[in-house]
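Me: I've got a model open and I'd like to learn how to read it feature by feature. Can you walk me through it?

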Amino acid sequence: MNEFEKKHSIHFEPYSLLRDIVLNFWVVILAALIGFMSVNIWNQSMYTPMYTSTATLIVNIKNSASYSYTNLSSSSEMAKIYTEVFKQPTMKEYAAEHLGEDRFVGSVSASVLNNTNIFTVSVTTSSPETSYRELCAILEVYPQISESVFSDSVIEIMRSPNF
């Protein structure tokens, strides 16, 4: 080994290293606490609460004198189709236009209760007022779209939007 390699090589003494860690254990604990608190503060500051406004609707067939199994079956099928209609971008465009805004902020979800003609529509945003307003706008503009899709069905609001 030449003189340069002896000067610049790293040599660890395990006993000395272990002794330094034990004597300065408080520094290791302090560094771990600082790291934990930093991650916790970052998580708290980056969290954005989301608010959902929901309405429950029911689909019925127009001019139905009796409520039979076939009517329930066809109403149930129409409810499935309506859930897809409510999620379409066109519905969002109409609702944004109705509100006088240039775009629809929230995300729309809709689902049918199994084997029924009842479905729910929800709008989720970062503001409770916005989700409520956008859901109300969707409920006000859906007749414009639904009349072109189904002329023989009626949608009634069972439970009004809430937030």
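**Reading the model, one feature at a time**

Reply: Let's start with a single residue: Glu 101 is partly exposed, with a relative accessible area of 26%. Keep in mind that this is a predicted model.

Me: Which residue forms a salt bridge with Glu 101?

Reply: That's Arg 133, and the closest N and O atoms of the pair are 2.6 Å apart. Arg 133 sits in helix α6, while Glu 101 is in the loop between α5 and β2, so the salt bridge ties together parts that are 32 residues apart in sequence. Arg 133 is partly exposed too, at 36% relative accessible area.

Me: How many salt bridges does the count come to?

Reply: The count is 3. To read one, look for a side-chain nitrogen of Lys or Arg within 4 Å of a carboxyl oxygen of Asp or Glu. Lys 80 and Glu 77 meet that with their closest N and O atoms 3.6 Å apart. Glu 84 and Lys 87 form another, with an N to O distance of 3.6 Å.

Me: How far apart along helix α4 are Lys 80 and Glu 77?

Reply: They are 3 residues apart, which means about one helical turn separates them. Glu 84 and Lys 87 are also 3 residues apart in helix α4, again about one turn. As for exposure, Lys 80 is partly exposed at 43%, and Glu 77 is partly exposed at 44%. Glu 84 comes out partly exposed at 41%, and Lys 87 partly exposed at 32%.

Me: On to the sheet. What is the order of its strands?

Reply: The general idea is that strands of a sheet pair through backbone hydrogen bonds, either parallel or antiparallel. Here you have an open sheet of 4 strands in the order β2-β3-β1-β4, with antiparallel pairing. β2 and β4 are at the edges with a single partner strand each, so one side of each has no neighbour in the sheet. On average, neighbouring strands of this sheet are turned by 25° against each other, direction ignored.

Me: How many bridges join β1 to β3?

Reply: There are 8 bridges between β1 (residues 51–61) and β3, an antiparallel pair. Within that pair, Ala 55 has Val 121 in β3 as its bridge partner. On to β4 (residues 153–162): 7 bridges join this strand to β1, again antiparallel. There, Val 59 has Ile 155 as its bridge partner.

Me: And what does the pairing of β2 with β3 look like?

Reply: That antiparallel pair is joined by 6 bridges. Ser 109 stands opposite Ser 122 in β3, and Val 108 stands opposite Val 123 in β3. In a regular strand, side chains alternate between the two faces of the sheet.

Me: Where does Asn 115 lie?

Reply: Asn 115 is in the loop between β2 (107–112) and β3 (118–125). Most residues other than glycine have a negative phi. Asn 115 has a positive phi, near 60°. The hairpin of β2 and β3 has 5 residues between the strands.

Me: Is Asn 115 buried or exposed?

Reply: Exposed, at 70% relative accessible area. The cut-off for that label is over 50%.

Me: Now the inside. Which residues touch the most other members of the largest nonpolar core?

Reply: Among its 26 residues, those are Tyr 82, Phe 86, Met 91, Phe 119, Val 121, Ile 138 and Ile 155. Two or more residues each come from β1, α4 (69–87), α5, β2, β3 and α6 (128–149). α6 gives the most, with 7 residues.

Me: Which residues is Tyr 82 in contact with, leaving aside its neighbours within four places in sequence?

Reply: They are Val 59, Phe 119, Ser 146, Phe 150, Ser 153 and Ile 155. Val 59 and Ile 155 are the bridge partners from the β1–β4 pairing.

Me: One last residue. Is Ala 96 buried or exposed?

Reply: Buried, at 5% relative accessibility. Ala 96 is part of helix α5 (residues 89–99). Neighbours within four places in sequence aside, Ala 96 is in contact with Glu 101, Arg 103 and Phe 104. The C-alpha atoms of Ala 96 and Glu 134 are separated by 7.6 Å, although the two residues are 38 apart along the chain.

How values were computed
Residues are numbered from 1 along each chain as its sequence is written. This is a predicted model: local features need pLDDT of at least 70, side-chain atom pairs count only at pLDDT 80 or more; totals for chains, interfaces and linings use all residues. Side-chain values use heavy atoms; hydrogens and water are left out. Buried means under 20% relative accessible area, exposed over 50%, partly exposed in between (1.4 Å probe, protein chains only). Two strands pair if DSSP finds at least two bridges between them. Axes are lines fitted to C-alpha atoms, for helices over the stretch in contact, and angles run from 0 to 180 degrees between N-to-C directions. Contact means heavy atoms within 4.5 Å. A nonpolar core is a set of buried Ala, Val, Leu, Ile, Met, Phe, Trp, Tyr and Cys residues joined through side-chain atoms within 4.5 Å.
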